[in-house]
Each structure stands twice: as structure tokens, then as C-alpha cells.
Amino acid sequence: MSRPEHQGPPEMVYNEIEASKYTSSTRIAEIQAEMSLRALELMNLPEGMPAFLLDIGCGSGLSGEILDEEGHFWVGFDVSPSMLDIAVQREVEGDLFLQDAGEGLSFRPGTFDGAIR
């Protein structure tokens, strides 16, 4: 039971302490950066044009930082208030909101140029 998703609901597992540990882990940051860059590569977005992206489960904004560095605009949501609090403290550039992906989203089709998780 070492994986967080096996320990309980994410809004409970990623409390203030766990969210802080997650965000400060250099290993996690490296993994998030690699996955974000790969997701951007797979989206095959037009070169040199900023895209408007959705970050599903944005957590503390580690992936969003990569989106910023690559010149994109983004909106992120997460189910954990503690993770979003850290994102706000870190002053990430994306717009953030508290949402459970399982509850559905109310964006119009075509709002985003792509999405990452």
C-alpha cells in the first residue's frame, strides 16, 4: 500500500504535509517535467504558437511550470485543496480551481487546444 491512491481519497491523502512533501521532492519534479514535455510532444502543437491547455489534476503546479516555460497558457484543477494552496503559494501562472475530474467539467467543447494529466 505504498502508492497514494491505495491509501484513501486524494483530497484526504494529499493533506498539507503530504502535498508539501510531494512538491519539494526533486524526483517528483523531474518526473513531472519529463511527463509534461512528453505530453506536449505527443500533442504535436503548432511550433512557436502558444496553446491554451487544461491541466487535469494539476496538484501544486509542477506540470504547469513546464507549460509556462514552453510558452503556453493553462488552466488547472485538482481535487486536493492542499495541493492547490501550495500552487497559489508558489505563484504559478495558470488559473486554478478545485474540482473532482469524476464530477465532470463544464467547459464548452473546443475550449482547449489540448490537455495533460
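A search of the whole structure, which is a predicted model, finds four aromatic pairs. One of them joins Phe52 and Phe112, whose rings are stacked, with 4.9 Å from centre to centre and 25° between the planes. Phe52 belongs to strand E1 (residues 52–56), while Phe112 sits in the loop between strand E3 (95–98) and strand E4 (114–116), so this pair ties together parts of the chain that are 60 residues apart in sequence. The two partners can also be described by their accessibility. Phe52 has a relative accessible area of 30% and is partly exposed, whereas Phe112, at 19%, counts as buried because the cut-off for that class is under 20%.

Phe112 takes part in another pair, this time with Phe107. Here the arrangement is edge-to-face, with the planes at 80° to each other and the centres 4.8 Å apart. Phe107 is partly exposed, with a relative accessible area of 34%. Taken together, ring pairs link Phe52, Phe77, Phe97, Phe107 and Phe112 into a cluster.

Leu105 touches two members of that cluster, and its surroundings are worth a look. Leu105 is placed in the loop between E3 and E4 and is partly exposed, at 36% relative accessibility. With neighbours within four places in sequence left aside, the contacts of Leu105 are Leu54, Phe77, Phe97 and Gln99.

Attention now turns to the interior. In soluble globular proteins, nonpolar side chains tend to be buried together. In this model, the largest nonpolar core is made up of 12 residues: Ala39, Leu40, Leu45, Ala51, Leu53, Cys58, Leu67, Trp74, Leu84, Ala87, Val92 and Ile116. Two helices, H3 (26–43) and H5 (81–89), each supply at least two residues of this core. A second core, separate from the largest one, has five residues, among them Val13, Tyr14, Ala19 and Met83.

Ile116, one of the residues of the largest core, shows how parts of the chain meet. Apart from neighbours within four places in sequence, Ile116 is in contact with Ser36, Ala39, Met43, Leu54, Asp55, Ile56, Ser63 and Leu67. Ser63 also features in a spatial relationship with Met35: the two are 28 residues apart in sequence, and their C-alpha atoms are 8.1 Å apart in space. Met35 is located in helix H3 and is partly exposed, with a relative accessible area of 42%.

The protein also has pockets to explore. The second largest pocket has a volume of about 250 Å³. Its lining consists of Leu37, Leu40, Glu41, Asn44, Leu45, Pro46, Glu47, Gly48, Met49, Pro50, Glu70 and His72. By type, the lining residues divide into six nonpolar, three polar and three charged. Leu40 and Leu45 appear in this lining and are also part of the largest nonpolar core.

Asn44, another residue of the pocket lining, has a notable backbone angle. Most residues other than glycine have a negative phi. For Asn44, however, phi is positive, near 50°. Asn44 is found in the loop between H3 and E1 and is exposed, with a relative accessible area of 66%. A positive phi also occurs at Glu91, where the value is near 60°. Glu91 lies in the loop between H5 and E3. With a relative accessible area of 64%, Glu91 is exposed.

Terms used: Residues are numbered from 1 along each chain as its sequence is written. This is a predicted model: local features need pLDDT of at least 70, side-chain atom pairs count only at pLDDT 80 or more; totals for chains, interfaces and linings use all residues. Side-chain values use heavy atoms; hydrogens and water are left out. A nonpolar core is a set of buried Ala, Val, Leu, Ile, Met, Phe, Trp, Tyr and Cys residues joined through side-chain atoms within 4.5 Å. Buried means under 20% relative accessible area, exposed over 50%, partly exposed in between (1.4 Å probe, protein chains only). Helices (H or I, at least four residues) and strands (E, at least two) are DSSP runs, numbered from the N terminus. Contact means heavy atoms within 4.5 Å. On a 1 Å grid over the protein atoms alone, a cavity is a set of points where a 1.4 Å probe fits but cannot get out, and a pocket is an open set with protein on both sides within 12 Å along at least five of seven lines; lining residues have an atom within 4 Å of a point. Grid points are joined across faces, edges and corners, and a volume is the space filled by probe spheres set on the points. Ala, Val, Leu, Ile, Met, Phe, Trp, Tyr, Cys and Pro count as nonpolar, Asp, Glu, Lys and Arg as charged, and the others, Gly among them, as polar. Rings of Phe, Tyr and Trp (its six-membered ring) pair if their centres lie within 6.5 Å; planes under 30 degrees apart count as stacked, over 60 as edge-to-face and the rest as tilted.
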